[in-house]
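Let's take a walk through this one together. Have the viewer open and follow along.

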There are 2 protein chains.
Amino acid sequence: MSRILSRLPVTPPTLADVAERAGVSRQTVSNAVNNPELLRDDTLQRVQEAIAELGYLPNRAARNLRTRSSHLVGLPIKAVEEGTANAQMDRFVHSLVEASSAVGYHVLLFTGAQTGDPEDDLPGYDDLLRSTAVDAFVVTDTYLGNPQADWLNDRRAPFVAFGRPWNDPDARHPWVDVDGAAGTELATTHLIDKGHERIAWIGWRKDSLLGEERRAGWSRTMRARGLSTTGLASRVEDTVASGREASGVLLDEAHPSAFVCASDTLAMGVLHTLAERGLRAGPDVAVTGFDDSQVAQVVPPGLTSVRQPLEEVAVEVVKALANLLGPPSGDTRGVLLTPTLVVRGSS
Amino acid sequence: MSRILSRLPVTPPTLADVAERAGVSRQTVSNAVNNPELLRDDTLQRVQEAIAELGYLPNRAARNLRTRSSHLVGLPIKAVEEGTANAQMDRFVHSLVEASSAVGYHVLLFTGAQTGDPEDDLPGYDDLLRSTAVDAFVVTDTYLGNPQADWLNDRRAPFVAFGRPWNDPDARHPWVDVDGAAGTELATTHLIDKGHERIAWIGWRKDSLLGEERRAGWSRTMRARGLSTTGLASRVEDTVASGREASGVLLDEAHPSAFVCASDTLAMGVLHTLAERGLRAGPDVAVTGFDDSQVAQVVPPGLTSVRQPLEEVAVEVVKALANLLGPPSGDTRGVLLTPTLVVRGSS
DNA sequence: TGACACGGTTTGAACGATCCATTGAACGAT
DNA sequence: ATCGTTCAATGGATCGTTCAAACCGTGTCA
């Protein structure tokens, strides 16, 4: 019969065990854990001693059942894209986990239907919510046309977005985002200060509002400093190959001395072109990227890049979550954070 | 037969609701969900219709309470290291989440005490387990001296390791790992086939058994092909700077025509040296890395690298988990997978 | 004819916590 | 001595599910 060993040596102590040991009722122990201010000092201490002696920990499942909440937030993770250098997600996830645990929440990962169409993921959200597997979501990809935000809003599902609600300026969900234009402005100003005057832009296609915002930071800074932008902008796909190609054309036709890119991926494409033409990144042609990915950190001679304050973003996201799930204090709908510039050899 | 998506505010239907609608008892509905083979065909169908009509989903918390299991596996994530190019964890995590959900499990992230000392993380594991927050763990860092595995083993905590139990060859926990020596053998063979004879090794300090294993793949292949290894090996820290320095020294003293590195990080260091000396990676000096990180994919001219089958690893880990938590079928203690070589411009 | 086995279904009792209404004691004011 | 108020602590009901045992009609065999 004892062939099957119990996984844990003994069954963990319950509220009732602690209550008996401390000579109080279950409810009092519960209060000692959740509302200590309700107890008299001496009883509180007695209960806490009993808790410590028995090594009591509340059973999550029982608590979840009774309170109808799981203290879990769901984070959908999308497929890993091969070419693009967006490994920065790591940083965000790590901070999110840490910040969440500080307010008693854990992060649950899940994937969608894997069909590529975000539409197909939506039932997955619903199931998690209705089965009380998670209390809320954190969504990270609110590009234009992504149905997630709208869908979750319709269903009154609690969630916080990393990314502005581009398609619906007065959406009612809380969000946190990074000011992209401020980032490219930093990069452009930096290059101008270094003496560059013909500074090119390589960004994404026009339907990306995120891309257009970053572009605006470059163009407004150029204008403000009295520099021309005509013929200096290119809009392509977010791949190394596109960046390589676009920079080649720009070098031939517009002779820029520096490139500001909408992503590290595109900037890597520029580095490819420079390497092919025997030009040195930095001394000959300056390049800046966006994201401060690991690639930017290790590629020779180091890629100057705009760094998003992902740790801060995570903290703000968790604040919004706490506000959403706990007692609402203020209702700050959106938070916009400012990035910084990490200068390396490429500029 | 349209799927009913109820708004969140209304309480979701319960087992009892379904039972009433189908004209059966609660337990019968429960069986329809968990042990359909126990029901007569017509009853099963009736119940399934009721489930579909109401859009019923079992309440996770209640199920967890009753079955004393959470259907969650805990995955500790460590701090993001800045310099090193090991963002490959993404790939593993993604596959793990996917493979887990296929067998009804979700992945819960958590961080340790953030003190840097892994010793301090251990209570965190214990708490999660005892509060029935997770059923098991997946640990990923079983380097020599890491107390996790031993500690979990002592406590009979169910877990699967990605990484061999280096310090205890007959540890009793299941593990999955990648054959590092086979990987460097692939790289070395590839270089030899390309005509290289003086092939240098840059790896980690001797106390890393993982590093020694990778080194063995290089040295045994060299020996097997009748090539000398004397003076061609260097053991340093896993940083870009160390790789840069070590490759400089080797180039001066041993004149290798190719480098096999224990990591992409070290290989990037070699690329730095080559760039500084005006040497082209590939035509002039060949370089191979290990991990097939995103850096390897985007750095010009592309870094040849050993790619770990992380997707397969995840699948095997989940298999082991299922075996551990469900009815044990076989008891395969360890699984060793073989990596592949991704050839790019650097070789 | 009675005992027994069987597949399919039902019933009551957990699982371990919190919510809610209530009790008991303490205390100052009448 | 009585009353009202407040503060601490209690006991029972409850969350939604699964477990264990009981039930019931039918068929089989001694």
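**Starting at the DNA**

A good place to begin is a base contact: a polar side-chain atom of Arg26(A) sits 3.4 Å from a base oxygen of DNA strand C. Bear in mind as you look that this is a predicted model. The backbone gets involved with this strand too, since an N or O backbone atom of Leu15(A) is placed 2.4 Å from a phosphate oxygen of DNA strand C. From the other chain, a polar backbone atom of Arg40(B) comes to 3.1 Å from a phosphate oxygen of DNA strand C. Which elements give two or more residues to the surface near DNA strand C? They are H2 and H4 of chain A together with H2 and H4 of chain B. H4(A) gives the most, with five residues.

Now zoom out a little on that strand. DNA strand C is surrounded by 27 residues, and the closest are Leu15(A), Gln27(A), Ser30(A), Thr28(B) and Arg68(B). If you look at the DNA side of things, 60% of the strand C atoms that come within 4 Å of the protein belong to sugar and phosphate. Sorted by class, the residues of the surface near DNA strand C split into 10 nonpolar, 10 polar and seven charged.

Next, swing over to DNA strand D. Around DNA strand D there are 27 residues, of which Thr28(A), Thr43(A), Leu15(B), Gln27(B) and Arg66(B) come nearest. Here sugar and phosphate make up 62% of the atoms of DNA strand D that come within 4 Å of the protein. As for base contacts, Arg66(A) has a polar side-chain atom 2.8 Å from a base oxygen of DNA strand D. On the phosphate side, a backbone N or O atom of Leu15(B) lies 2.5 Å from a phosphate oxygen of this strand. Arg63(B) uses its side chain instead, with a polar atom 3.0 Å from a phosphate oxygen of DNA strand D.

So where do the residues near strand D come from? At least two residues each are supplied by helix H2 (26-34) and helix H4 (60-67) of chain A, along with helix H2 (26-34) and helix H4 (60-67) of chain B. The largest share of the surface near DNA strand D is the five residues from H4(B). The class breakdown of that surface is 10 nonpolar, 10 polar and seven charged residues.Leave the DNA now and head for strand E6 (residues 199-204) of chain A. Six of its six residues are buried, so E6(A) is largely enclosed by the rest of the structure. What does E6(A) pair with? One partner is strand E8 (residues 258-261) of chain A, which runs parallel to E6(A) and is joined to it by four bridges. To find that pairing in the viewer, pick Ile202(A), whose bridge partner in E8(A) is Cys261(A). Strand E7 (residues 233-236) of chain A also pairs with E6(A) in the parallel sense, over four bridges. There, Gly203(A) has Arg235(A) as its bridge partner in E7(A). Add helix H9 (residues 209-224) of chain A, and E6(A), H9(A) and E7(A) make a right-handed β-α-β unit.

Aromatic rings are the next stop. Over all chains, the count comes to 10 aromatic pairs. Take Phe110(A) and Tyr125(A): their ring centres are 5.3 Å apart and their planes sit at 85°, so this pair is edge-to-face. Phe110(A) belongs to strand E2 (residues 106-110) of chain A and Tyr125(A) to helix H6 (residues 122-130) of chain A, so the pair ties together parts that are 15 residues apart in sequence. Both Phe110(A) and Tyr125(A) are buried. These two rings also join Phe137(A) in one aromatic cluster.

For a contrasting geometry, try chain B. Trp201(B) and Trp218(B) form a stacked pair, 6.1 Å centre to centre with 25° between the planes. Trp201(B) lies in strand E6 (residues 199-204) of chain B while Trp218(B) lies in helix H9 (residues 209-224) of chain B, so the pair ties together parts that are 17 residues apart in sequence. Are these rings buried or exposed? Trp201(B) has a relative accessibility of 1% and counts as buried, and Trp218(B) is buried as well, at 0%.

One last stop is Thr340(B), which you'll find in strand E12 (residues 340-342) of chain B. Thr340(B) counts as partly exposed, because its relative accessibility of 43% falls between the 20% and 50% cut-offs. Its C-alpha atom is 5.3 Å from that of Arg307(B), a residue 33 positions away along the chain.

Definitions and conventions
Residues are numbered from 1 along each chain as its sequence is written. Chains are lettered from A and ligands numbered from 1 in the order in which they are written. This is a predicted model: local features need pLDDT of at least 70, side-chain atom pairs count only at pLDDT 80 or more; totals for chains, interfaces and linings use all residues. Side-chain values use heavy atoms; hydrogens and water are left out. A residue is near a molecule or strand if one of its heavy atoms lies within 4 Å of it. A polar contact is a pair of N or O atoms within 3.5 Å; within protein, one must be able to donate a hydrogen and the other to accept it, and residues adjacent in sequence count only if both atoms are side-chain atoms. Ala, Val, Leu, Ile, Met, Phe, Trp, Tyr, Cys and Pro count as nonpolar, Asp, Glu, Lys and Arg as charged, and the others, Gly among them, as polar. Buried means under 20% relative accessible area, exposed over 50%, partly exposed in between (1.4 Å probe, protein chains only). Two strands pair if DSSP finds at least two bridges between them. A crossover is right-handed if, with the strands pointing away from the viewer, the path from the first strand over the helix to the second runs clockwise. Rings of Phe, Tyr and Trp (its six-membered ring) pair if their centres lie within 6.5 Å; planes under 30 degrees apart count as stacked, over 60 as edge-to-face and the rest as tilted.
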